[in-house]
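Let's take a walk through this protein together, with an eye on its empty spaces and on a few residues along the way. Please have the sequence and the model side by side as you read.

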Amino acid sequence: MKLALLRSRLKPWMLPIAMVTGIFCSPVIDAVAFLAPALIFVMLLITFCKIDTRHFRITRMTWALLAVQVVGALAVYGALLPVNRVLAQGAFICVFCPTATAAPVITGMLGGSVPRLVTYSLVSNVAVALTAPLLFSMMGSDVSFMESAVTIAARVFPLILGPLAVALLLRRTVPGVHGVLARNQGLSFYIWAVSLIIVVGRAVSFMMAEPRTAIPLMVGLGAVSMVCCAAQFTIGRRIGRHYGDRIAGAQALGQKNTVLAVWMAIAYLNPISSVAPAAYVAWHNIVNSMQIYRKMHADAKAARQ
């Protein structure tokens, strides 16, 4: 009973604790960075064991969110380009980047529709793989369409489709194991907290490597990233509310695959623009921590009534 009480009190603070740990461990984080894909794979496998693929549907909500992701990215780029090209690129990548592979975990914790979120995550990543080469070339990057599309897809799809395929295989061949994983959804959250230590540590390590002369620009990129994060959670929540799932809508637009975003910015844009998605790691996880705290507080209050 005491362990359960301790876990319930620690849970809202797990993401901030993980972020602070990542900051302090950033000098040595590269030694364990190779574990991140495996952690995300296991985390998604546990989450996918709970969902029914028959609920996967591309709906009007999917297209509305995708329009914000692609058209919105071009809009913020055009708006900031006269101010500063690097700031424009940083804002673009923060909006254009697809939904985080970990978003289904947080969506499930908050009571949103995991199938809706997973459906959008797949559509979102396909859209990025298909449109990124064209958009990056418009921004002056010399990229091959097929090579870029295949490279982006190869970095993203295994982490989404792999756990889904294994979950379906377990359901058919080892239903007992599938059932155990389905009943222990809480594990995915703690695995995500551990992987967050690695993600934050790598982001901090990357920003610390930039020269001091870039500090004013990095501060500007961090501010742009924060505005983009707040706007996307707000817009996603409004779209989701219109279609009956404000939580899935908010997480679909607000929670981003920042590891992919940093890589795309370094590979195809001005490398310093990658500071914006690196800072986004902090912003979207602060929002997630606040949401988890409010949800647990509301659940505890409802239980007392």
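What follows is a tour of pockets, cavities, a surface patch and some single residues. Please keep in mind that this is a predicted model.

Let's begin with the open spaces. The largest pocket has a volume of about 690 Å³. Its lining is made up of 30 residues, and those closest to the pocket centre are Arg202, Asn257, Thr258, Val259 and Leu260. If you colour the model by element, you can look for helix H3 (36–48), helix H8 (145–173), helix H10 (186–208), helix H13 (258–268) and helix H14 (275–304), which give two or more residues each to this lining. Which helix provides the largest share of the lining of the largest pocket? That is H10, with 7 residues. As for chemical character, the lining of the largest pocket counts 21 nonpolar residues, 6 polar ones and 3 charged ones.

Now turn to the second largest pocket, whose volume is about 330 Å³. Here 20 residues form the lining, and Lys50, Val105, Gly108, Met109 and Gln185 are the ones nearest the centre. At least two lining residues come from each of helix H6 (103–110), helix H7 (114–138), H10 and H14. In the second largest pocket, the largest share belongs to H6, which supplies 5 residues. The class count for this lining is 10 nonpolar, 6 polar and 4 charged residues. Two helices are worth a second look at this point: H10 and H14 contribute two or more residues to the lining of the largest pocket, and H10 and H14 also appear among the contributors to the second largest one.

Next come the enclosed spaces. How many cavities of 30 Å³ or more does the structure hold? There are 2 of them. The largest cavity contains about 50 Å³ of space. Around this cavity you will find Arg57, Thr59, Met61, Thr62, Leu65, Arg116, Leu117, Tyr120, Ala248 and Ala252. Helix H4 (60–80), H7 and helix H12 (246–254) provide at least two of these lining residues each. Sorted by class, the lining of the largest cavity has 6 nonpolar, 2 polar and 2 charged residues.

The second largest cavity has a volume of about 40 Å³. Leu44, Phe48, Thr101, Pro104, Val118, Ser121 and Ile160 make up its lining, with H3 and H7 as the elements that give two or more residues. What is the class make-up of the lining of the second largest cavity? It divides into 5 nonpolar and 2 polar residues, with no charged ones.

Since H3 has now come up for both a pocket and a cavity, let's stay with this helix a moment. Ile46 is part of helix H3, and so is Thr47. Ile46 is classed as buried because its relative accessibility is 4%, and buried means under 20%. Thr47 also has a relative accessibility of 4%, so Thr47 counts as buried too. From Ile46 you can step across to Val180: the two are 134 residues apart in sequence, with 9.2 Å between their C-alpha atoms. Thr47 and Val281 are 234 residues apart along the chain, and their C-alpha atoms are separated by 21 Å.

Two further buried residues lie elsewhere. Leu164 sits in helix H8, and its relative accessible area of 11% is why Leu164 counts as buried. Between the C-alpha atoms of Leu164 and Thr62 the separation is 19 Å, for residues 102 positions apart along the chain. Pro98 belongs to the loop between helix H5 (85–96) and H6. With a relative accessible area of 0%, Pro98 is buried.

From Pro98, the tour can move to the surface. The C-alpha atoms of Pro98 and Ile17 are separated by 26 Å, and the two residues are 81 apart along the chain. Ile17 is located in helix H2 (residues 14–24). Is this residue buried, exposed or partly exposed? Ile17 has a relative accessibility of 40%, so Ile17 counts as partly exposed. Together with Trp13 and Tyr293, Ile17 makes a nonpolar surface patch of about 330 Å².

Technical notes. Residues numbered from 1 in each chain as written. Predicted model: local features only at pLDDT ≥ 70, side-chain atom pairs only at ≥ 80, totals over all residues. Heavy atoms only, no water. 1 Å grid on protein atoms, 1.4 Å probe; cavity = no way out; pocket = protein on both sides within 12 Å on 5 of 7 lines; lining within 4 Å. Points joined across faces, edges and corners; volume = space filled by probe spheres on them. Helix = DSSP H or I, 4+ residues; strand = E, 2+ residues; numbered from the N terminus. Nonpolar A, V, L, I, M, F, W, Y, C, P; charged D, E, K, R; others polar. Patch = residues over 30% accessible without salt bridge, like charges linked within 9 Å, V, L, I, M, F, W, Y side chains within 5 Å. Areas by Shrake-Rupley, 256 points an atom, 1.4 Å probe, with all protein chains shown as cover. Salt bridge = Lys/Arg side-chain N within 4 Å of Asp/Glu carboxyl O. Buried < 20%, exposed > 50% of the residue type's maximum accessible area, 1.4 Å probe, protein only.
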